[in-house]
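Grab a pencil and keep the viewer open. Here are some exercises, each followed by a solution that goes step by step.

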Amino acid sequence: ADSESLIDYATITIQVKDENEKPNFATYNGVFAFVYETGYGGTGAATGQVVGSLIIADDPDGVINTVDGSLSGDTKQPLTYSILGNGNVPFMLSSVEVDDNIGDAQVVNLLINDPTVFDFEDNAKNSYTITLQVSDGSKTDEVTLTIQVQNSNEAPYLNTGSSITRNLPESSGLGTDISAGTTAIADLFTDPEDDTFTYSFVSPSDDGTFVIDSTTGVVTTAYSVLNHEAKDTYTYTIQATDTLGALSTTTLTITVDDVPESPTFAGVSDGSIVENSGANTYVSRNLGSPIRFDVNDEDDGETATVSIQTINGAAPDGTFVLEEVDEGGVSAWQIKATTDLNYESTASYSIVLVATDNVGSTPDTTASFEVEVGNDNDSPVLSPATCFIAYDADVDTVACTVIGTDEDSSSNSDGWGTLTYSKGTASITGGTSEAGGLPNNAEVFTLDSSTGNIKLSTSLTPNYQEA
């Protein structure tokens with residue numbers, strides 16, 4: 001308008017120039033999501049699993065022309081999402097996608113990258129706070145998300161090493177705890193949920209040598225004799241199972257340690273020899289083959305020697321000796337008499353053998369047995385006799401007595417030792433006669449078969465001086 005109030009009109013167009021505005025995250029309050037730790041049998045979280053809901057950021061700038069930057073409504077300005085400081089965070093982001101269900105919003109999903117680090121029982125690994133950033137290329141926005149880890153049932157596990165080893169001396173008796181003096185097997189297992197669990201051998205399940213208590217996990221000897229030389233290592237697979245059936249296994253190796261052992265005798269038994277059998281007769285059983293026995297030393301690298309320690313309580317006098325024989329490449333021993341034995345002198349011998357190892361690491365071992373001397377019928381012995389009788393002696397006068405001896409007792413059940421006497425060829429020598437000498441036959445005297453008395457059986461010629 002001018003001073004005369006003349007007015008004119010003109011149209012002015014004012015354009016609002018677009019300025020780039022930062023994208024904005026939606027508001028996430030409280031815990032963004034829960035994930036489960038990895039549990040027994042593949043339960044719990046897995047790699048690539050989606051965590052929580054879609055992550056959305058709004059860009060007020062809407063769409064721009066990709067050619068000259070003017071508003072054209074055909075293409076969204078691209079957004080990029082990232083996790084800040086993601087060096088050790090077990091999460092990752094999916095690719096950006098346009099969701100036409102929510103206004104063509106550019107969205108991403110939060111994914112699990114490494115589920116193995118989740119641990120409900122560990123306060124350092126049961127809650128994660130991450131910061132996400134969205135950018136339109138020049139401006140950014142950030143949001144903080146909290147993810148909490150939930151519990152899953154986990155199997156018991158060996159809390160130290162990958163297997164269990166124990167050592168046990170071979171002298172251990174029945175019921176010996178293999179962990180005596182060291183950590184109990186039950187203390188080597190841990191259950192993350194502090195469940196109680198049971199124990200068992202799954203391989204071998206029962207070989208009769210060791211047993212495991214299903215409640216305490218204590219492993220004890222079930223066999224009273226362990227032998228290092230026969231078997232020095234036992235391997236078992238132990239299984240620990242919790243109340244919900246989650247289980248784990250580990251290897252138990254038991255080493256049986258060597259203990260120095262004294263030599264042992266085998267096959268020593270009582271025997272006999274019949275008297276008058278001659279020297280070098282072997283002690284036998286029931287007059288059969290010689291008795292043979294073995295001497296063993298099971299310790300590695302050791303051998304044993306054997307000798308006679310005593311005979312009837314005294315030092316050996318050489319009456320018996322040991323003889324080593326080969327039995328299929330293995331040494332055995334037998335014993336023989338070096339002289340003719342006499343039942344009436346010694347009816348039995350108590351012999352003590354002693355075995356000594358070659359390094360002297362263990363006490364000697366002894367074994368005792370009896371040798372019975374069998375009785376035999378010994379020949380009697382007749383002593384020579386010289387007889388005198390007066391020339392005028394009466395008939396039945398005893399001129400002398402011959403004496404026979406027999407070592408066999410007259411009480412012997414076979415009647416040995418009861419002597420009878422008889423005449424063989426008889427001759428009478430000596431004496432002179434003024435009237436012509438002695439009679440011309442030997443029937444002048446008789447021999448009493450029971451007493452051995454020699455008696456005059458007929459009158460002598462009166463002029464005999466001596467007969």
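**Exercise 1.** Is Asn312 buried, partly exposed or exposed?

*Solution.* Keep in mind that you're looking at a predicted model.
- Step 1: find the residue. Asn312 sits in the loop between strand S22 (304-311) and strand S23 (320-327).
- Step 2: get its relative accessible area, which is 40%.
- Step 3: compare with the cut-offs. Buried means under 20% and exposed means over 50%. Asn312, at 40%, is therefore partly exposed.
- Step 4: check the backbone too. Asn312 isn't a glycine, yet its phi is positive, about 50°.

Now try Asp194 in the loop between strand S12 (189-190) and S13. Its relative accessible area is 70%, so Asp194 is exposed. Asp194 also has a positive phi, about 60°, without being a glycine.

**Exercise 2.** Which two residues does a cis peptide bond join?

*Solution.*
- Step 1: look at the loop between strand S13 (197-203) and strand S14 (210-212), where you'll find Pro204.
- Step 2: check omega. For the bond joining Ser203 and Pro204, omega is about -15°, and this bond is cis.

**Exercise 3.** Which way do the side chains of strand S26 (residues 365-374) point?

*Solution.*
- Step 1: recall the general pattern. In a regular strand the side chains alternate between the two faces of the sheet.
- Step 2: pick out one face. Thr365, Ala367, Phe369, Val371 and Val373 point that way and are buried.
- Step 3: pick out the other face. Thr366, Ser368, Glu370, Glu372 and Gly374 point there and are not buried.
- Step 4: look at the partners. Strand S25 (residues 348-357) pairs with S26 in the antiparallel sense over eight bridges, and Ala355 stands opposite Thr365. Strand S19 (residues 271-274) pairs with S26 in the parallel sense over four bridges, with Gly271 opposite Val371.

**Exercise 4.** In what order do the three strands of the open sheet with S28, S30 and S31 lie?

*Solution.*
- Step 1: read across the sheet. The order is S28-S31-S30, with antiparallel pairing.
- Step 2: spot the edges. Strand S28 (398-401) and strand S30 (445-447) each pair on one side only.
- Step 3: add the twist, which averages 20° from one strand to the next.
- Step 4: zoom in on one pair. S30 and strand S31 (residues 453-456) share three bridges, and Phe445 stands opposite Leu456.

**Exercise 5.** How many residues does the largest nonpolar core have?

*Solution.*
- Step 1: the count is 26, and Phe91 and Leu110 are among the residues with the most contacts inside this core.
- Step 2: see who contributes. Strands supplying at least two residues each include strand S3 (50-58) and strand S9 (140-150).
- Step 3: don't mix it up with a second, separate core of 22 residues, which includes Val283 and Phe293.

**Exercise 6.** Why is the pair of Phe91 and Phe118 called tilted?

*Solution.*
- Step 1: check the distance. The ring centres are 5.8 Å apart, and rings pair when their centres lie within 6.5 Å.
- Step 2: check the angle. The planes are at 35°, so the pair is tilted.
- Step 3: locate both rings. Phe91 is in strand S5 (residues 91-93) and Phe118 in the loop between S7 and S8, 27 residues apart.
- Step 4: check burial. Phe91 counts as buried at 0% relative accessibility, and Phe118 counts as buried at 4%.

Notes: Residues are numbered from 1 along each chain as its sequence is written. This is a predicted model: local features need pLDDT of at least 70, side-chain atom pairs count only at pLDDT 80 or more; totals for chains, interfaces and linings use all residues. Side-chain values use heavy atoms; hydrogens and water are left out. Buried means under 20% relative accessible area, exposed over 50%, partly exposed in between (1.4 Å probe, protein chains only). A nonpolar core is a set of buried Ala, Val, Leu, Ile, Met, Phe, Trp, Tyr and Cys residues joined through side-chain atoms within 4.5 Å. Two strands pair if DSSP finds at least two bridges between them. Axes are lines fitted to C-alpha atoms, for helices over the stretch in contact, and angles run from 0 to 180 degrees between N-to-C directions. Rings of Phe, Tyr and Trp (its six-membered ring) pair if their centres lie within 6.5 Å; planes under 30 degrees apart count as stacked, over 60 as edge-to-face and the rest as tilted.
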